[in-house]
Amino acid sequence: MTRLHDALDGIAEEAPLVNLADLAIAGHRRRRRATLTLAAVATVAVLGVATAAVALPEPHGDDTATPRGVDTVPDLPDGKVGSLGHAYKTPCKVDPERRRQPPDCSAVEWRLVTRTGTTYRMPQALPRTTQGRNAPVAISRDGRMIAYYSRQAQAHVVRDLVSGSEVTSSVTVKEERIGVGSMLVVSDDGRHVLFDPREGSKEPGLLIEMRTGRTVPVHGKFETISIKDGVAALVRYVKTDLWLMPVTGGGSPVRFDGVFIMFSELAPDGRTVAAFDFERKGHIKNTLTLLDARTGKILRRVAIRGLPEKGGVSSVSLWRSGSEVTIVHENMGAGTYAVDVNTGRARRLAGYPGKGAHLALPGMAGL
Amino acid sequence: MNHHDGFREFVLARQQALMRAAYLLTGDAHLAEDLLQSVLIKVVGKWPKLSKNGNPEAYVRKALVNQYISWRRRPRPESPSADPPERGASYDEAALDRIVLRQALAKLTPKQRAVIVLRFWEDLTETQAAETLGCSVGTVKSQVHHALARLRALAPELAHLLSDSEIREVAR
């Protein structure tokens, strides 16, 4: 056996479990039926179109009973809606005359905004637990998948917004487990969801394979950055360690020479990560550090130019290419910027006014 | 007894091994499942003949590889590239090797990727690989040569995976 064989075998190990016999037999039957009835279907279709053209009513105005001036965002429909640009949670209501009273969070909900700009309510995604903890959603890097917690199923669900399909995890997670700073991450293919019940605590996280229910426990001291290419990137703060854990489990952490926070996902070169230096006072907001995930060594520091003076960086996330990493900057709402790691120049990508607190962006751990 | 029972039994016994091959070929769980399912749908109709006369698994593997190669029109997962930083000492390299290898495989042509899987994962001989791909032994040799050269160029940090004597011999 060669080392190449072993490495290929490691990739093959990540293949999902399948049960294809009945699907293949059903597919074969469908195909046979389709071939036999093709001519008949074509005839019916022609007739159907002619009938529909006659029967379609003329378009009318909106004559439903929805009162005007009320929020009329539609519920997320079944089926295909297209990839997401972002999701946000509506804020709790504060009565200006009763500021000392706790805010009213009864109507808080998750809303999804597609790349084409359509907004949908997503009532099936739990926004807050009965104990008042925030329940996150997570969006895959390409915006195709959204993972959320369903109170009804008492489990996590991944919805494919391009195909319309939905997978509910067979792993029951009690609502009470969603604690302060709970985090959620979903892989690009929607196969894996990583649930961290309480950020920064010793309570272990859970990497769930959605279709089989197979789980891999994640050390509680580690926080999830991303799940990409079959590897979950986990960070232990303060020390600081990076653990690239295959979704099947295993691997071991690499220690960095220094203290870093706000890590990016692994760069396209498969070994660089970007983070902010936590020790160098005054450099937290505008100096990005590139780190070698194999050796833990600092590759270089890059001073960022072109960010707004007010506010600060709240996270580092996806790599747009080998030389540009995305950061989120908050100031009366959030904005995303692409930072060139060679020149430090930041360019604005998008703004999310008023949505800083509970904003879910593609590829970022949901909080 | 249902006339599909033989097929069902075969799939139950072999589907995971076939799925691993499909996953290595495509590098994507959904595509791998689509690929295997589309091949198995074709196999259902041919099952009586295949189970009597031949080696069904060899047929399925051959169909899998050829179907994959003909799927050029399918979108492939994004795999952006960048200049890798200098290589350093290793703590745990297996996971990183897999990431880099997966990204490099995604940049090979379907045929190059298929020969890598057939020769170095399935450990088929050149003759067996040629039979599976429906091409000459000479074509397999040249495809392997080009695939290994491309892997070396795309991911110099994988040199240690490609330096075993068996691979060096094949690459000559």
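**View 1. Contacts of B:Q37 with chain A.** B:Q37 touches A:L20 and A:L23, when residues up to four places away in sequence are not counted. The model shown here and in the other views is predicted. B:Q37 belongs to helix α2 of chain B, which covers residues 29–53. With a relative accessibility of 17%, B:Q37 counts as buried, because the limit for a buried residue is under 20% relative accessible area.

**View 2. Helix α1 of chain B and its kink.** Helix α1 of chain B holds 22 residues, from 5 to 26. At 1.5 Å a residue the helix should span 32 Å, and its end C-alpha atoms lie 29 Å apart, which agrees. A kink of about 55° is present in α1(B), and B:R14 is at its centre. After α1(B) comes B:G27, which has a positive phi, near 75°.

**View 3. Buried residues of helix α1 of chain B.** Which residues of α1(B) are buried? They are B:F7, B:F10, B:V11, B:Q15, B:L18, B:M19, B:A21, B:A22, B:Y23, B:L24, B:L25 and B:T26. The centre of the kink, B:R14, is not in this list.

**View 4. Surroundings of A:S317 in strand β20.** A:S317 sits in strand β20 of chain A, made up of residues 312–319. Its relative accessible area is 7%, so A:S317 is buried. Apart from neighbours within four places in sequence, the residues in contact with A:S317 are A:S264, A:E265, A:V325, A:T326 and A:M364. Between A:S317 and A:I327 there are 5.9 Å in space, C-alpha to C-alpha, and the two are 10 residues apart in sequence.

**View 5. The disulfide of A:C92 and A:C105.** How many disulfides are there over all chains? The count comes to 1. A:C92 and A:C105 form a disulfide in which the sulfur atoms are 1.9 Å apart. The link of A:C92 and A:C105 is right-handed, with 105° about the S-S bond. Both A:C92 and A:C105 lie in the loop between β1 (84–89) and β2 (110–114) of chain A, so the pair ties together parts that are 13 residues apart in sequence.

**View 6. Exposure of three cysteines.** Is A:C105 buried or exposed? A:C105 has a relative accessible area of 18% and is therefore buried. Its disulfide partner A:C92 counts as partly exposed, at 26% relative accessibility. In chain B, B:C135 also counts as partly exposed, with a relative accessibility of 23%.

Key
Residues are numbered from 1 along each chain as its sequence is written. Chains are lettered from A and ligands numbered from 1 in the order in which they are written. This is a predicted model: local features need pLDDT of at least 70, side-chain atom pairs count only at pLDDT 80 or more; totals for chains, interfaces and linings use all residues. Side-chain values use heavy atoms; hydrogens and water are left out. Helices (H or I, at least four residues) and strands (E, at least two) are DSSP runs, numbered from the N terminus. The expected span of a helix is 1.5 Å times one less than its number of residues. The bend at a residue is the angle between axes fitted to the seven residues ending there and the seven starting there. Buried means under 20% relative accessible area, exposed over 50%, partly exposed in between (1.4 Å probe, protein chains only). Contact means heavy atoms within 4.5 Å. A disulfide is a pair of cysteine sulfur atoms within 2.5 Å.
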